[in-house]
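Hello,

Here is the structure I promised to pass on to you. Have a look at it first, and then read my notes underneath.

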Amino acid sequence: MKKGLLLLITLLMITLLFTSFSTVAAEPNAPIRCLVDMEFNGAYWSGQVHDCSLAGSIRFDPDPENPSYLAGKTLHFFELFTIEPDSGGVIHGNTAGVGHLYEPFQFRANGWVTDASESWAYLVGNKYFEMGRSTDPLDPSTPLTVDDMEMRIVPAQRPMP
């Protein structure tokens with residue numbers, strides 16, 4: 001009797017475990033994680049998004065309403081981004097971040113998806129995160145690049161002003 005009950009409870013637990021995994025895997029509002037390679041041309045950053053559903057091109061322009069500034073060895077930057085997935089459409093957003101001008105040249109930023117074409121409209125209001133490392137921004141002999149920056153778009157509801 002006890003063995004039968006224990007077996008039944010074990011089978012139910014396994015069934016519930018697999019059921020919950022399949023529900024999570026089918027979640028339509030799951031975070032999107034991508035990698036980005038880009039280069040700074042003196043005016044803006046541009047490059048490629050890869051390894052995700054947003055694979056395509058990306059561009060970061062300075063935010064004209066929020067100029068970047070230096071505080072000690074740290075750059076505080078504000079940018080507007082545009083992602084153009086290869087599958088079509090466009091996604092716009094903003095970021096605010098900090099970057100170290102000295103070794104190890106790390107940076108982090110976060111922001112929001114602010115606008116998107118119809119096929120990506122469900123991303124509007126989602127949180128945007130990025131982190132990575134650049135080449136030496138103070139070395140004029142090499143291009144300023146970033147390889148495999150981690151970019152995430154996470155379901156959220158942006159608070160309205």
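Below is what I found, going from the strands to the salt bridges, the pocket and a few backbone details. Please keep in mind that this is a predicted model.

**Strands E5, E6 and E7**

Let me start with strand E5, which covers residues 74-85. E5 pairs with strand E6 (residues 91-100) in the antiparallel sense, and ten bridges hold the pairing in the assignment. If you want a register mark for this pair, take Phe78, whose bridge partner in E6 is Ala96. The two strands form a hairpin with five residues between them. In that turn, Gly88 has a positive phi of about 110°.

E6 also pairs with strand E7 (residues 106-116), again in the antiparallel sense, over nine bridges. Here His92 is a handy marker, as it stands opposite Asp115 in E7. E6 and E7 make a hairpin too, with five residues between the strands.

His92 has a second partner worth displaying. Its side chain makes a polar contact of 3.3 Å with the side chain of Thr82, a residue of E5. What else does Thr82 touch, once its neighbours within four places in sequence are left aside? Its contacts are Ser57, Ile58, Arg59, Val90, Ile91 and His92.

**Salt bridges**

How many salt bridges are there in the model? The count comes to three. As you know, side chains of opposite charge can pair when their charged atoms come close.

- Arg33 and Glu150 meet through their side chains, with 3.2 Å from N to O. This pair links distant parts of the chain, since Arg33 is in strand E1 (residues 32-40) and Glu150 is in strand E9 (residues 145-154), 117 residues apart.
- Glu150 also forms a salt bridge with Arg152, where the closest N and O atoms are 3.4 Å apart. Through shared partners, Arg33, Glu150 and Arg152 are joined into one network.
- Arg59 pairs with Asp61, and their closest N and O atoms are 3.0 Å apart. You have met Arg59 already, as one of the contacts of Thr82.

Are the residues of the network buried or exposed? Glu150 counts as buried because its relative accessible area is 18%, and the cut-off for that class is under 20%. Arg33 is partly exposed, with a relative accessible area of 48%. Arg152 is also partly exposed, at 30%. In the remaining pair, Arg59 is partly exposed at 32% relative accessibility, and Asp61 is partly exposed at 22%.

**The largest pocket**

The largest pocket has a volume of about 470 Å³. It is lined by 25 residues, and those closest to its centre are Trp45, Leu75, Phe77, Glu79 and Leu144. Which strand gives the largest share of the lining? That is E5, with four residues. E1, E3, E5, E6 and E7 each supply at least two residues of the lining.

Phe77 has one further relation to look at. Pro67 is ten residues away from Phe77 in sequence, and their C-alpha atoms are 7.2 Å apart in space. Pro67 lies in the loop between strand E3 (56-62) and strand E4 (69-71). With a relative accessible area of 58%, Pro67 is exposed.

**Backbone details**

Most residues other than glycine have a negative phi, and most peptide bonds are trans. Against that background, three places are worth a look.

- Glu103 and Pro104 are joined by a cis peptide bond, with omega at about 15°. Pro104 is in the loop between E6 and E7.
- Phe105 is found in that loop between E6 and E7 as well. Its phi is near 60°, a positive value in a residue other than glycine. Phe105 counts as buried because its relative accessibility is 12%, which falls under the 20% cut-off.
- Asp148 has a positive phi of about 55° although it is not a glycine. Asp148 lies in strand E9 and is partly exposed, with a relative accessible area of 45%.

If you open the model with a short list in hand, I would suggest the contact between Thr82 and His92, the network of Arg33, Glu150 and Arg152, and the cis bond between Glu103 and Pro104.

Best wishes

Definitions and conventions
Residues numbered from 1 in each chain as written. Predicted model: local features only at pLDDT ≥ 70, side-chain atom pairs only at ≥ 80, totals over all residues. Heavy atoms only, no water. Polar contact = N/O pair within 3.5 Å; in protein donor to acceptor, adjacent residues only side chain to side chain. Contact = heavy atoms within 4.5 Å. Pairing = 2+ DSSP bridges. Buried < 20%, exposed > 50% of the residue type's maximum accessible area, 1.4 Å probe, protein only. Salt bridge = Lys/Arg side-chain N within 4 Å of Asp/Glu carboxyl O. 1 Å grid on protein atoms, 1.4 Å probe; cavity = no way out; pocket = protein on both sides within 12 Å on 5 of 7 lines; lining within 4 Å. Points joined across faces, edges and corners; volume = space filled by probe spheres on them.
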